[in-house]
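Subject: Structure for you to look over

Dear colleague,

I am passing on the structure we spoke about, and I would be glad if you could open it alongside this message. My notes on a pocket and on the cysteines come after it.

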Amino acid sequence: MPKKLYQHVSEAPTTPRPRTSRKTFDVAELFQGPAHQPGEGGDQDLPLYEKLRQAYFWIVNHAIISPHYDVEYTDGPSKTFEFGDLKTQVVLPSGQSYSSFVLLPLLNFAVRKRCLLVGGPGRGKTATAVLMGILAGYSLQQVRQAIQHGQPQMTISDLLGNPLPADLVNAEKMEDIRISWRSWLSMRVKIIDEYNRIPTRTQSALLTVLADNYAEILDHLYECPPAAWYLTANDDHGGGTYQVIEALRDRIDVVVRALHFNSRFYQELLTRIEEGVSPEEVVPSQLIFSEEEMNRIYKEIQAVELPPALRRRLEYFSSQFEFFEGGGLQIEYKTKDNFKLSGVEKHVVAAVESGKDRLKELGVQTANGLSVRAMMSVLTFVKAMAYFRGDQRVSLEDIRQILPFCLHDKLAPEPEAPFFEVPGHEVLRVDRVSWIRRLFDLSCQDFERMNRDRDDPVAHLEAEFSQGLDGLSEAAVNKRLVKIEGQLRQWSQAGKLYGPLYDDILYLKYLHQRYTNYREWLRSSR
Amino acid sequence: MAAEFTLTTFAEFLQRRPERYNTMFALLRRSKPKLDGERFGAFLVRVLQPLVDALPEESRERATDELYEISLGLVAGDFLAGGHPLVDRCWNQLLPGLSPLVGREPGRVAVSMTNACYHVGQTPGTRPDAFLSRLRAAGAEASTVDELLLVTQAAAWLSGLSHFREGVLARAGGLSSFQRELLVGSPEEWDVWKDDPWYEKGLEPKLRLVRQVGDFAGFGGLFIRPPMVEYAGDESFWVEDGESLWLLVTDRFGATFHRHFEKESRPPARDDVSVEKSHVCLGRERVEVGEISSWASGRKTVVCALRHSHRLRVLACP
């Protein structure tokens, strides 16, 4: 019997249930059939990740005109074709694949972080953000009213609210002045349209709300609820009317590109014009997430496991980028950040790194390292990705697919790196998603070549240390110190210094110091 | 001079949010390309507009929104506006007579009545006309939507959906004597039916042939060869034709077959019933049914499968 004919919400991808023989009849079944009440069909027992997927499929099938399936998962071999002189590859993924332009905003909705939608005008950036607002239970009118449209005259009052004029005149103390806060501050989905058109001073006020979740006017604070943020920009390099302040850019957890309109969908455009179609008017109510559901979904995502073996791969990948031998003399200062702070031109210290294979060293490809904030975004979103797919554990493919969107604006390419000169690699200077994914693939290859899954000397020392120091004898400490020193000696004789080794050395130095201090304490307490 | 015309409230509500209603239609037509705008438009004008405009004023806006969406889905699925006669009659004849309750909960009432009509219309052997007339009479007396639903369930059972017998009788306390009377004509019978599914006022209790059910698949029935029967417990029976398995539920008002995939047989509910080649025997009573290939007895029902017939014989036992 056909179900949910109108506003079709994809059925939860049910694992087929065994057919059972049931001999009792519920008379309420008389009222179940082809007719459905608007909004009916929401299954209270449906796992929230299923609901999230239903929302995804509804948007892809009904709201977005030409979805691109650029987040590719495979389930067995996938057919691949090559086109043109540049051998452009087209993969027909054998697994369920997704449109990043819908998927990432939805994951951001689930983890309540900050998503930047970038792309040319009229590509549906704001429309996607509006849909997220509707999924959070707001009416279309409420969402539209709450959108903050960036424009050059936007003031802090426009953004946050006003002191009440009468209070400004009559108040004797600051605390007597009441503030009329803007209603968008209380919403669980916040949309800032064209954020790069907001004047710098107002951007700073926005930063406080975005980063610390409160607004401040005349010593009055307004605490905002946890919210999913959507910022849109026509140019992801901050080239709007105003330069976007770096602190604001740094707070963005995930960047999604609005891809082009496929001209084969003209008919769809025509229908929308002729029939006045506006999908945000008809989002099925069973796809709306209550506040409680949003809280629960976030908790469930937090509980998704990142297996230690995959965490190691992420650690290995992250360790590739910060190390810069010319950044300092003392080992702790050999970083890109230290070098950047010095203001010295790169060519001045370029010779320091001679002798290494600059083509193979992944760190050479980037102008910076990864911030802790970026790593936290990655960890959150890979969990969200696994959750969305109904998994309780993150997979390597989840990381591989999500990483480019989290690091899109966090990992800046070094345009002069030899890697980009290799034929076929030039385009990776432009295509950051592919470049970051390639970086991760190369890092994983390196990880496997080094046999780090099985042979990780630091992991062994780390495991020993994680048992705690309580009750450890001086003799045992000495033994461990010897092991650490032995490992460092072995590495020092091996040759050149690269990012992963750099982090391992610093970690062993840390362990060495902890054991040394403990030994000192043991001796002094005798 | 411009032609004068007055917008009805239903039309006004549609025109207030054209994007919403057009989008509903356009999105649905993507998945149902055969959705015919003219057919739906004609339904709106001929059926939905008068239905909504007859509702209390304060409920019209909500009714417009909900009934538009429900009916659009039904027209798209070919259940309404020509697709399913009893569903059409539901919207044309039944719902207008239930205006006060439709106004109160438009979506719930329309969906419940539509689905009930769909089930009655779809199930072989039911009596749709009796269902509608019972429902129109007793439903008009319902003062709440819950009461209307109860009346509908009772009407569905009394019109042939026998498998709802127990469920309806368990809730029958919610029906007034007047409503019971409107439904079936003799309110006192209701209590007896709990114990005897074949009770008929004025009939002497004795073993009697009450019904023939099932038929050859070639004549529109279920069975491809003469079926066999076993007792399934709770006055229901397993019926198999070598290919498929059904559960048969039958009583005075009808018989329904329900497809199953595995069975769990039960011993006969009584041991005083026996068969002799072509006869069912209870004490001195003997009823001829034809050459019996298998039979099963419940507490008040005996079902016989015959060697040369696709039709099962159902007998009532005192």
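What follows takes the pocket first and then the cysteines. Please keep in mind throughout that this is a predicted model.

The second largest pocket has a volume of about 1,300 Å³, and its lining is made up of 32 residues, with A:Glu72, A:Gln89, A:Asp431, A:Ser434 and A:Arg437 lying nearest the centre. Strand S2 (88–92), helix H15 (396–406) and helix H16 (432–449), which belong to chain A, are the elements that give two or more residues to this lining, and H16(A) provides the largest share, namely six residues. By residue class, the lining of the second largest pocket divides into 13 nonpolar, eight polar and 11 charged residues.

Turning to the cysteines, the count over all chains comes to zero disulfides, where a disulfide would need a pair of cysteine sulfur atoms within 2.5 Å. In chain A, the cysteine sulfur closest to that of A:Cys115 is in A:Cys406, and because the two are 9.9 Å apart, they are too far from each other for a bond. A:Cys115 also counts as buried, since its relative accessibility is 0%. In chain B, the sulfur of B:Cys317 has its closest cysteine sulfur in B:Cys304, at 9.3 Å, and that is likewise too far for a bond. B:Cys317 is buried as well, with a relative accessible area of 2%.

With best regards

How values were computed
Residues are numbered from 1 along each chain as its sequence is written. Chains are lettered from A and ligands numbered from 1 in the order in which they are written. This is a predicted model: local features need pLDDT of at least 70, side-chain atom pairs count only at pLDDT 80 or more; totals for chains, interfaces and linings use all residues. Side-chain values use heavy atoms; hydrogens and water are left out. On a 1 Å grid over the protein atoms alone, a cavity is a set of points where a 1.4 Å probe fits but cannot get out, and a pocket is an open set with protein on both sides within 12 Å along at least five of seven lines; lining residues have an atom within 4 Å of a point. Grid points are joined across faces, edges and corners, and a volume is the space filled by probe spheres set on the points. Helices (H or I, at least four residues) and strands (E, at least two) are DSSP runs, numbered from the N terminus. Ala, Val, Leu, Ile, Met, Phe, Trp, Tyr, Cys and Pro count as nonpolar, Asp, Glu, Lys and Arg as charged, and the others, Gly among them, as polar. Buried means under 20% relative accessible area, exposed over 50%, partly exposed in between (1.4 Å probe, protein chains only).
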